[in-house]
Structures are given as C-alpha cells and as structure tokens.
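Please examine the sequence and the structure shown below. The paragraphs that follow lead from the overall fold to the interior and then to the confidence of the prediction.

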Amino acid sequence: MAAHAQTTPLVGRVHDSENHKALDYVTVHLNSAKVPAFTDESGQYILRKYSPTDTVTFTLLGYKPIIKSIKDLQAKPDIAMVRQSYTLQEVVVRPRENPAHRIVRAAAKNKLNYLPENQAAIQFGTYTLMKGSILEREAKDKKKGFSKRYAPYLDSLTISDNPSRTASLPIFQSETIKETYYSREPRKSKEILKASKVVGVGVEREGQIAQLLNAQAEHFSLNQNWMRMFDKDFVSPIANQWASYYDYDLEDSVETSSGKVYRLKILPKRSQDLTFEGTMWIADGSFSLRRIDIRLNKGVALNFVTGLHIVQAWDEKNPSLLPVSSKRQFQITGLPGTDVRLFVESVTTYTDLVVGQPKPEEFFDMTHQISDSALKYKEDYWQAVRPQAFSPEELKRVQAIAQINKLPEIQSTVKLIRIVVEGHMPLNDKLEWGPVFGTYVFNKLEGHRIQFGGRTTEAFHPNWILNGYLGYGTRDESFKSLLNIRYIANRQQWTEWGVSYLNDVGPASLDLNNSQLNSLFFSAFRWGKMNFPYQQERMQMWAEREWLPGFRQRVTFRHTNYRPEFDTKLMGGEKDGSPFGVFSTTDVSLSLRYSPDLKMLIRHYEKIPISNSNAPIFGLDVSAGIRGVMNSDLNYQEVALSVEQRVRAGIFGYGRYYLKAGKTFSKVPLPMLQVPIGNETPFFILHGYNLMPFFSFATDEYVSLRYDHHFEGAFSITNRLPLLKKTKMLLVAGGAVLYGRLSDKNKPTQTVGPEQSRNFRSLGKTPYAEVNVGFKNIFQLLRVDLVHRLTYKELDSPLWGVRLSVSVNP
C-alpha cells in the first residue's frame, strides 16, 4: 500500500537563498514521472501523483541542483536554491570583439541542426493547456471593478510583471493533444490533432474552436530566424541577422553534467524593432539553446497585445532538438479609452520524441488532420494524459465558465456577435435566418426591397446544406429568389457537389452568386442608385475537390439569361451584337486554387485559411461559352491568372502584392467584360482603384498589380520622430497599376454622347496608375491614406483624395 500514488497534493515554493526572490520555471522532476513540473511566477510547485519512495530533483541553470525525497518535502516543502559560483574567472577582451559575440555567432551557425524539420525523420507529441481570463480593472474607484454579479466566479493570477495576485474572471480554458511529424527527404510535415477539449464563455461550436486552437498551439522554435506571431515576424536572438538587431553581455558560465553553459543577456539595438530582451543559456561545444527567458521589446508598437513573455527549458538528456516545456503569456488590451485586459497563458509540454523512423511518403498526403474522436474523449481520458493533474483552482475555473455561460446577458451578446460576423441568426437547432443585412434595402430600381432567407445547420443534416432567400421590390413589382443545394462528401479533403437557381437584379460588374459574397458587402451594393443593372436568371451545377493539400479544383456548368434594366439606346443602340442588349449564355468554367502551407478552418459549410504563410497563393480561372446549348447566344473563351504573397522585408517591415492578368478571346456583351473596380466612397480598398470613378473602363485583356507596404522597425519614419513615435502609428505606402485595353470587337457599335462616353471606355497605351501613402494604427484601429492618381487626369474625379479604412492588426 505504501507504494501506491498519493492523492494529497504536495505544495511548496522555491526561492533564491540569498535574496529570497521567488524563482520562476524551476524544473521539478519527480523520478517516477514522465515529464517534469515547473514552478509558476510565485515560485510555487504542486506534485499530485507521487509515492513515499519517490525523489524529486530541482534544477535551474545558474543554481546548484537539489535532490529531495518525498518524506523530506512533506516535512519541509519550501526549497532555497543556491547560486552556483562563477566559473568565468577571466575574460580576454580583444579589439572590436565582444566575447558574447563569438558564442552567438556559433549558435546562429549551428541552430539549423536543432530544428526538427531539418532532421531526416522525427516525430513528437505535445500537450497544450491554454487559459484566458479578464483581469480586474486598474482603477482606484472600486465601483469600476468587477460587479457583485461576477464575484462568485472570480479567480486570481500572478502576472510575471506584477508580483501581487490580480483578480480575474475566467472565460476560457482548452486542452490540445497533437502529434507532429517531419521528413527531410522529401521535405514533408504533418500534424494530427488527437484530442481537444474546450470550455469557454460563448463557445457554441467546439469543433471550430478546436481547429483555431490547433493553429495557435503550433510548435515554434527560436532556432528559426523569424518567428511568426500575431501576423508579425519577430527576430530570433540567434537569427543569422543577429548583429543587425541585437547586442549581448556575457554574464556567467557554469559547469553542468553535460558541460559548460554560458549565460547571455539579450539587448535589442533599437526599441522599435520586433525583437526581445531577456536572458538565454547556450551550451559550449554544441552551441545549442538550453534555456531562454525573453520578453517583447517594450518599444514595439503592437496593437492590442502587450506583455509577451516566452520561457523555454531543455533537459540534460536531449538538450538540443526540443524543449521539455514552452510557456507563452501575453495580454490583449481593448480599444483606447477602455481598460479591459484579457490575460492569455499557454503551456506546451513535449513528449514521445522519436528520431530516425521515417514514414512512407503517402503518410504526408494530408498535412493537417483531425482525429474523428478528437472531441469525444471523456474526463477520465484527460486525467490519464495530463502531465500534471488539475489543481482545485483549475477545476473551479471550469465550473465557473459553465455558470457564466448561463447568464442571460452572455447569451444575448454571443448571438449579437454571430449576427455581425456571420450575417445569420439562429431560429432553432436546424435553421438560421439570414442574410440579416439583406432583409431590407432601398434603391431607385427596386424601391423598398423586403427579403427573407435562411440556411440549414449541421443539426439539419451533416452533409446536405440548403440556403436561399425570397425577396420582393415595391417599385419594380417583381420577386427575387435564390436556392442553393449542396452536398459535402468530405471536409478534410474538401469534396462537394451542388446545384443552384438564382433570379435577381444587380450591377453589371457584380457577380450575383451571393453565396460567395459577404452579406454586408453584398447588401451595401443594393442601396441608393444601382449602376447599369441587369436582371439575371441563372441555373448552375458544380463539383469541387481538393485533390492535394492546398490544391482545390472546381468545375461549374452554368446557364444565364441577362436582361438590362436601363436604357440601352443611350449606351450604343440595340443592334444585334450590342454589348448592352438581352442575351443568354451557357458556359463551363474551371477554377484552380493552390495555397501551400496554409492551415484551414473546416466549418460546416466552408473551408477558410486561419494561419498566415509567406508562400505565394496561385489562382487560375478558365471559362468557355457554348453557342446553341440551351439557346446560348455566345461562343467565348476567357482566362485569368492571379498570384498574391506576403513578402518579408527584414528591417524595412513587410509588404503584400496582388498580381492578376486576364484575357477574353471573343466578342462578348458588357456583363462578360472585365470592369475594374472603381471607388467613389471615402473608404480605402485594396482590390480596386481608389481614385477611379465607377465603371470608368472596360477591358477584355488586362494586367493589374497592387503593392501595399507596411514599414516597421528602425526604417519607419514614425519610429524615428519623437512626436510620432508616441502615437505608435505606422507608415504605409503602395500603389496600383492597370494595363489593359478593349479591343475593337467589344467596343459599342454606335457613337455615344459625352455623358455616356465617361463609362466603359478602353484604356489607352498609358496604364492607369495611382499611389498612396498614409498611417495605420491610429487609435489602434484606423488607417488613413493620401491617394494620388498619376495618369488619366481627365477622369471626372479629383487627382488627390483621402481614404479611410479599418485595419485591425497587431
């Protein structure tokens, strides 16, 4: 009986023997445990599964290891660790050489040897516990603190930069278990989400949240040159470019069982760069990281994110490839004028490292996989797989979150957020009403338009999805309708078939297949004056398949009847072949999309990217019209190619480019031409032209390029000028160029008047070009650009303009 594990937790604290300062992230290794425990910010450790015959080893680089028996700890649980004596007796200083630089230079050179993805074959498991809490407001007036309504659910936290306990309201807690595989030849990777458990305020769709957490719990390594977090590229302290970003002080060196280890202080050269400050330990000989404790450079102007703190620790047995544990903490702040703070902490434990056992190449066909049973495991499973059993405080968090979810104001807020984000509102388990924003609009063509619609949920059927609407216009006295029927056969390797019927009216350049459009964006186009509207009656069927990870193909067969709802005589007459008359088309199209290295969120009805990648995204669209089939009037062929990519520019920040080219090979009516997206609103748009009036040009062959650059770090003027630096604004700049033409076969057949000649003209030999420069991060939310049109100065639009946009970006 004495050998059986004890259930009474053994709790103690670890501190420095000289100054009695609590020691954070001390390794507390029970000899019978598979993975160690670690002390928290207050120096506290908790052992929950142990036997009286066990021993415990306390280790922290820079301190002498301490070995204690369980009986000793039960008698005296607190531990005073003694600093190791300095072995750095002599430092030889050579001209122009910092002794720390030699160590960092060797670490930067050797770091690629310690990246898991560079091993011939490697696999490992991870367990990630993530917590989220709202922190008590820092206000002298207690009335502004948590109300009595939430008092029963309050918890307390020790935040690393605040030694006192801070009141907090738990709103989120998740557990994630993953398996990760890498192969070097061929270079492949795969992640399998084995199990996930999520409890959170307002969490209704646990499967989608689990996928988001799977992306956030991603393994990251400081042995990479750049670490992507919050859509930013942070510079590792041992990056190849370390000399441009960091300086170092050699503070200490100690002897361990595996050899000498150096302690270096990390000093950012500039407060504006995306760098870290703190301490790292590097082993002599192998020059691998042994421990690192870093915080975000205080001068970095991140939106919403503060207090980023990362701690990673390696053990003696395998000190190079993977840390034993990795902890990340940060706070998310609200908009200016608010004092709400969300504290997020995640701790990842690495287990089951296997090196040199390669998997067959077909094993990597699906790069991100979710186990069918990932969300079905019960509490007894989690009790068995957790590296450390939950404390009573952690169990209380789970119960508190469940109670908060039942509060009426929480349920109402969750519904409101869903309406704004998704455009639909639940009516019952099987049906959602929407698009909500399209329920009522007013324009000069339809008058008052009333619309009712909805879509089915997963409870209606997991594979069959129906959505549609029925609308009526009081001025044109006609009904509008849409019905989509889809069958999703496979969501991991996305496979679907569908048919749809559409009968509606809209601008000539707008695709009315609004199942592919944001409901708020689509509804906005229906208000006010509708430019060059066409009544469209469309029937189509399609099939889509993701044959390879990130490579999707879609084939569509479509028949459409077009009828103009404006006076076509003013635009070129009603002769046979006019680009503005009544016509019908029957066409087949093929759409290809290749987006490598992107993690995708699998929802009931779509698959969307949830992680960023610097890899380019390619698109190819080919369409062909067939005359005579279903009374089609046209034979035509068109093709479009697109490429977009996020480009890292080092100390200059980063940029994004959007390149697109297309050609229509036949004579086609107006709705089939490529009409560049103009902008007469005060809002800035990336996928259009901000000083081009609506419907200024039409093309049947074109090439367009948009580049948008975000200056960050030392080369941003806002980080160099003291007054601008305090605002935390960031400089942005870019421009757009459009080359194109409208061939003679697609020009109007009759001469038009001066009023109509402003619309749908052909671009000449000179391209349309505009440039912009501005600031983002205004009040952490807004972006303002000054735009100047360089060509086509005769257009009925100012040459200069100010455009505003919302830019929610850390």
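**From the whole chain to its cores**

The protein contains nine helices and 41 strands. The model is a predicted one. Of the 810 residues in the protein, 49% are buried. Contacts between residues with a separation of 6 or more can be sorted by distance along the sequence: 62% of them join residues 24 or more positions apart. On the outside, the protein exposes about 39,000 Å², and carbon and sulfur atoms supply 57% of that area.

Attention may now turn to the interior. In soluble globular proteins, nonpolar side chains tend to be buried together. Which residues touch the most other members of the largest nonpolar core? In this core of 44 residues, they are Tyr248, Leu264, Phe276, Met280 and Ile282. Helix 2, which spans residues 99-110, gives the most to this core, contributing six residues. Ile282 offers a detailed view: leaving aside residues up to four places away in sequence, Ile282 touches Ile103, Ala107, Ile238, Val261, Tyr262, Phe287, Ser288 and Leu289. Another core lies apart from the largest one and has 19 residues, including Val28, Tyr50, Val56 and Ile66.

Finally, the confidence of the prediction should be considered. The average pLDDT of the protein is 81, and 81% of the residues score at least 70. Over residues 138-142 the pLDDT is below 50, and this stretch has two contacts in the model beyond near neighbours in sequence. The pLDDT is also below 50 over residues 572-577, a stretch with twelve contacts in the model beyond near neighbours in sequence.

Notes: Residues are numbered from 1 along each chain as its sequence is written. This is a predicted model: local features need pLDDT of at least 70, side-chain atom pairs count only at pLDDT 80 or more; totals for chains, interfaces and linings use all residues. Side-chain values use heavy atoms; hydrogens and water are left out. A nonpolar core is a set of buried Ala, Val, Leu, Ile, Met, Phe, Trp, Tyr and Cys residues joined through side-chain atoms within 4.5 Å. Buried means under 20% relative accessible area, exposed over 50%, partly exposed in between (1.4 Å probe, protein chains only). Helices (H or I, at least four residues) and strands (E, at least two) are DSSP runs, numbered from the N terminus. Contact means heavy atoms within 4.5 Å. pLDDT is the predictor's confidence in each residue, from 0 to 100. Accessible areas come from the Shrake-Rupley method with a 1.4 Å probe; for residues, only the protein chains shown count as cover.
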